[in-house]
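Trainee: I've got a model open and I keep stumbling over the words people use for it. Can we go through some of them together?

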Amino acid sequence: MPTPSETPEFNERYSRQTRFAPFGAQGQHNLEHTHVLVMGAGALGSHIAEQLVRMGIGKLTIVDMDIVELTNLHRQALYDETDVTEMRPKVYALADKLKVINSNVEVDPIYEEITSTNIETMIQDINPDILLDGMDHFAIRFLFNEVCHKLNLPWIYGAAVGGKGSVYAIDYTGPCLRCFMEETPETAESCAINGVIPPVIMQVVSYQIAELMRYVSGKGFSGKLITVSPFEVKQQSMDVSRFKNPNCTVCAQGNYEYLGKRQSNVIEGSCGDTFVFRFKPDHFDNADLFPGQILKANPYVKLLNVDGYEATLFKDGRMNVHHIEDENTAETLYRTLLKAVK
Ligand SMILES: [Zn+2]
């Protein structure tokens with residue numbers, strides 16, 4: 001039995017990228033034997049997933065625990081209005097569409113939240129060759145940086161917010177993210193507040209995919225920190241090898257500040273005026289105990305009106321409450337809800 005890469009149909013399918021000599025048939029062969037883990041199925045993650053599946057990646061695992069919302073559609077790949085109406089989890093909506101695009105690719109959707117306490121076991125279980133960052137909030141990248149260093153896993157950081165984006169592919173030879181980013185950078189600002197435009201997403205994803213192609217074809221990562229501002233028609237790439245910090249807490253000392261750290265907050269501010277409340281998973285099944293109404297429900301998520309606020313309750317007990325004025329209001333509401341379900 002010939003492997004898929006030896007059949008004429010397969011050769012034809014990918015001919016336009018294999019004829020690009022620096023990638024070539026060898027690059028394609030290696031790509032076909034690569035397992036990519038995409039963290040996040042939002043703007044970056046959905047575009048990365050679509051492109052890799054079209055290109056014939058061997059296996060793709062996608063982790064996310066959000067549902068498709070109307071405000072996602074302007075910049076995220078493959079989702080549509082039906083997904084919004086049905087409140088479909090992004091990973092399942094994406095997996096269905098990816099299977100139709102390329103049935104040769106094994107796609108494994110994981111509907112789970114990524115946290116500092118579950119990430120290490122999650123990655124060990126998935127056992128990918130490389131991790132691609134498709135997240136939309138910054139702090140989690142310090143967690144990726146630590147876990148990938150600990151597990152010796154190469155990863156490609158990508159961030160997009162407002163009109164700006166940045167990409168950096170990291171392995172053990174170069175500086176890690178912590179070497180040159182002690183503080184959360186400008187691109188750490190929230191998309192809900194600062195917006196984000198589609199061309200930034202496309203450019204960030206382009207460079208992430210290009211770095212991945214370099215990696216699988218044996219050229220190695222570029223070692224450049226790439227920043228793009230398509231609206232300003234500007235871009236920059238900077239050699240960051242000189243930023244390798246010999247005293248870096250992560251890549252020199254192996255001290256992991258974020259990894260394994262317990263989440264103490266039951267309430268946290270999320271994007272803009274949304275707060276995340278944490279209840280127990282069984283509160284999902286007993287959602288009728290919350291004051292208010294269940295407006296819509298499917299097996300994964302329930303849309304509620306709690307005390308006049310619109311809220312999305314997930315299977316794991318997470319609740320996103322929208323349009324809350326401030327933290328005090330959030331705390332009062334959380335206490336009220338907790339009392340009602342106890
Ligand atoms: Zn470092």
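Trainee: Is the crossing of helix 4 and helix 6 right-handed or left-handed?

Mentor: It's right-handed. Keep in mind that this is a predicted model.

Trainee: What makes helix 4 roughly parallel to helix 6?

Mentor: Look at the angle. The axes of helix 4 (residues 43-55) and helix 6 (residues 90-101) cross at roughly 25 degrees. Angles under 35 degrees count as roughly parallel, so helix 4 gets that label against helix 6. The two axes also come within 9 Å.

Trainee: Which residues make the contact?

Mentor: From helix 4 you have S46, A49, E50, V53 and R54, and from helix 6 there are L94, L98 and I101.

Trainee: How do those divide into nonpolar, polar and charged?

Mentor: Into 5 nonpolar, 1 polar and 2 charged. Glu and Arg count as charged, so E50 and R54 of helix 4 go in that group.

Trainee: Now the open sheet of 8 strands. Why do strand 3 and strand 8 stand at the edges?

Mentor: Read along the order, 3-2-1-4-5-6-7-8. Strand 3 (106-111) and strand 8 (234-239) each have a single partner strand, so one side of each is left without a neighbour in the sheet. The pairing in this sheet is mixed, and neighbouring strands are turned by 15 degrees against each other on average, direction ignored.

Trainee: How do you know that strand 5 and strand 6 pair?

Mentor: Count bridges. Pairing takes at least two, and 7 bridges join strand 5 (residues 155-161) to strand 6 (residues 164-170), so they qualify. They run antiparallel, and one bridge puts V161 with K164 of strand 6.

Trainee: What lies across those strands?

Mentor: Helix 11 (residues 198-216) does, and strand 4 (130-133) and strand 7 (224-229) are crossed as well. Against strand 6, helix 11 runs at about 15 degrees.

Trainee: What do strand 11 and strand 12 form?

Mentor: A hairpin, with 3 residues between them. Strand 11 (residues 292-297) pairs with strand 12 (residues 301-306) in the antiparallel sense over 5 bridges, and I294 stands opposite L304.

Trainee: And how many bridges join strand 12 to strand 13?

Mentor: There are 6, again with antiparallel strands; N305, for one, has E310 of strand 13 as its bridge partner. This hairpin has 2 residues between the strands, and D307 takes a positive phi near 50 degrees there.

Conventions:
Residues numbered from 1 in each chain as written. Predicted model: local features only at pLDDT ≥ 70, side-chain atom pairs only at ≥ 80, totals over all residues. Helix = DSSP H or I, 4+ residues; strand = E, 2+ residues; numbered from the N terminus. Axes fitted to C-alpha atoms, helices over the stretch in contact; angles between N-to-C directions. Contact = placed C-beta atoms within 7 Å. Parallel < 35°, antiparallel > 145°, perpendicular 65-115°, else oblique. Left-handed = near helix turned anticlockwise from the far one by under 90°.
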